[in-house]
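Please open the model in a viewer and keep the selection panel at hand. The tour below proceeds by selections.

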Amino acid sequence: MASTIPLDTLKASTVHSPKMKSVKALAESASLSSLPSIYSFTHNPHDETIISDDAEDSVPIIDVSLLVSGTPEERSQVVHQLNKACSDWGCFMLINHGVPESLTKAMIESFQEFFNLPEKEKQEFHGNHVMDPIRCGTGFNPSMDKVNLWRDYLKCFTYPEFHSPNKPAGFSEIALEFSKKNREVVTVLLKAISKSLGLEESYIDKATNIELGLQILAANYYPACPEPDRAIGIPSHTDHGLLTLLVDNGISGLQILHKEKWINVNLLPNALFVHIADHLEILSNGKCKSIEHRALVNDKATRMSIALPHGPSLDTVIRPAPELVDKESHPPAYVEMTYREFLELQQTGRLRSKFG
Ligand SMILES: O=C(O)CCC(=O)C(=O)O
Ligand SMILES: [Fe+2]
């Protein structure tokens, strides 16, 4: 049986992040020529020697339009590609996904306008709790992060209920449309991934109660950094949820860990990057791998990324699919708990990994 974490000791997890100056404000202050020591991140020297840009290490590219309009052979080919991408890579790049390029551009611009708001106005959206539906801040969580991260963020819960800041003008409308279009992509992908696992098409939808599944629209803002080798945007982690879709403003910085090598990800123009996340790994009993990744910073230009984690409904217990469990050869390898419990535990720093 899968073990469970005693949750009766779990209290509402408030993140006591002090009202810190944003990294954007810090980076723009005229006097900044070196990295303040509170942002100094010790990179693992072992990591640094194994960065790869090799062609053979290139992330799989999947044409998702074939799942909708392809021939039966093309559809089954894409399902096969997804099976390999989810198990061998834990990520892939998606082309012909149907999110209009102009909409993505408008979303990136709107986030930029949000981050450009006066600090005081942004502070109205400074949430404290992981379940606050709108949260803006700078990368610092005392129970999780040992150093400050060179990154500001805004996170909004956009499904099942839509939340967004009421400024800048037009932000809400663009965010609603962008979130909808991205959720449509996830709907198609989850069906195909179910099939690729040998399960019925709607298996993941039902097991996660996806009708009420949580969608988060998050933007990361990484200003140019005076000493990029000594700082980090986001340290190595896997995402919670089922799938995260990600785009950026054309400035690279995302790295994934593949076969113990850090690989620079350069997104194809108008492609979506897809991360397999923890709850898909749990549900598939390890057949799909959630991908370790991190965000580096640079000294030339501001990087922005938009990440949309799509998860189960908050109150559905997620456990390995019994169809993918075999007592002898594939025993259940993960703890079972609701997505909400997972998020709250993760925030306290007490969830060391999805293995419990
Ligand atoms: O900025 C990126 O490319 C990565 C962002 C990320 O990993 C996250 O928001 O969880
Ligand atoms: Fe991430």
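Leaving aside its neighbours within four places in sequence, with which residues is Phe111 in contact? Select Phe111 together with Leu154, Ala219, Met304 and Ile306, which are its contacts outside that window; contact requires C-beta atoms, placed from the backbone, within 7 Å.

Before continuing, note that this is a predicted model, in which local features need pLDDT of at least 70, side-chain atom pairs count only at pLDDT 80 or more, and totals for chains, interfaces and linings use all residues. Residues are numbered from 1 along each chain as its sequence is written, and chains are lettered from A and ligands numbered from 1 in the order in which they are written.

**The nonpolar core**

Next, add Cys91, Phe92, Trp150, Leu243 and Leu272 to Phe111 and Ile306: these residues touch the most other members of the largest nonpolar core, which has 85 residues. Helix H7 (residues 171-196) contributes nine residues to this core, the most of any element. Such a core is a set of buried Ala, Val, Leu, Ile, Met, Phe, Trp, Tyr and Cys residues joined through C-beta atoms within 7 Å. Buried denotes 20 or more other C-beta atoms within 10 Å of the residue's own, exposed 12 or fewer, and partly exposed a count in between. Helices (H or I, at least four residues) and strands (E, at least two) are DSSP runs, numbered from the N terminus.

**The loop before H7**

Move to the loop between strand S5 (152-159) and H7, where Pro160 lies. A cis peptide bond, with omega about 0 degrees, joins Tyr159 to Pro160. Pro168 is also placed in the loop between S5 and H7, and a cis peptide bond links Lys167 to Pro168, again with omega about 0 degrees.

**The annotated domain and ligand 1**

Select residues 212-312, which an unreviewed UniProt entry annotates as "domain: Fe2OG dioxygenase"; such annotations may be inferred rather than shown by experiment. The span is 6% helix and 47% strand, and its end C-alpha atoms lie 7 Å apart.

Now display ligand 1 and the residues around it, among them Asn220, Asp239, Asp248 and His293; a residue qualifies if its C-beta atom, placed from the backbone, lies within 6 Å. Strands S6 (213-222), S8 (243-248), S12 (293-295) and S13 (303-313) each supply at least two residues of this shell.

**Two positive phi values**

Finally, select Glu260, in the loop between strand S9 (254-258) and strand S10 (261-264). Its phi is positive, about 65 degrees, although Glu260 is not a glycine. Asn285, in the loop between helix H9 (278-283) and S12, has a positive phi near 50 degrees. Glu260 counts as exposed because it has 8 C-beta neighbours inside 10 Å; Asn285 is buried, with 22 other C-beta atoms within 10 Å.

Methods:
Two residues are in contact if their C-beta atoms, placed from the backbone, lie within 7 Å.
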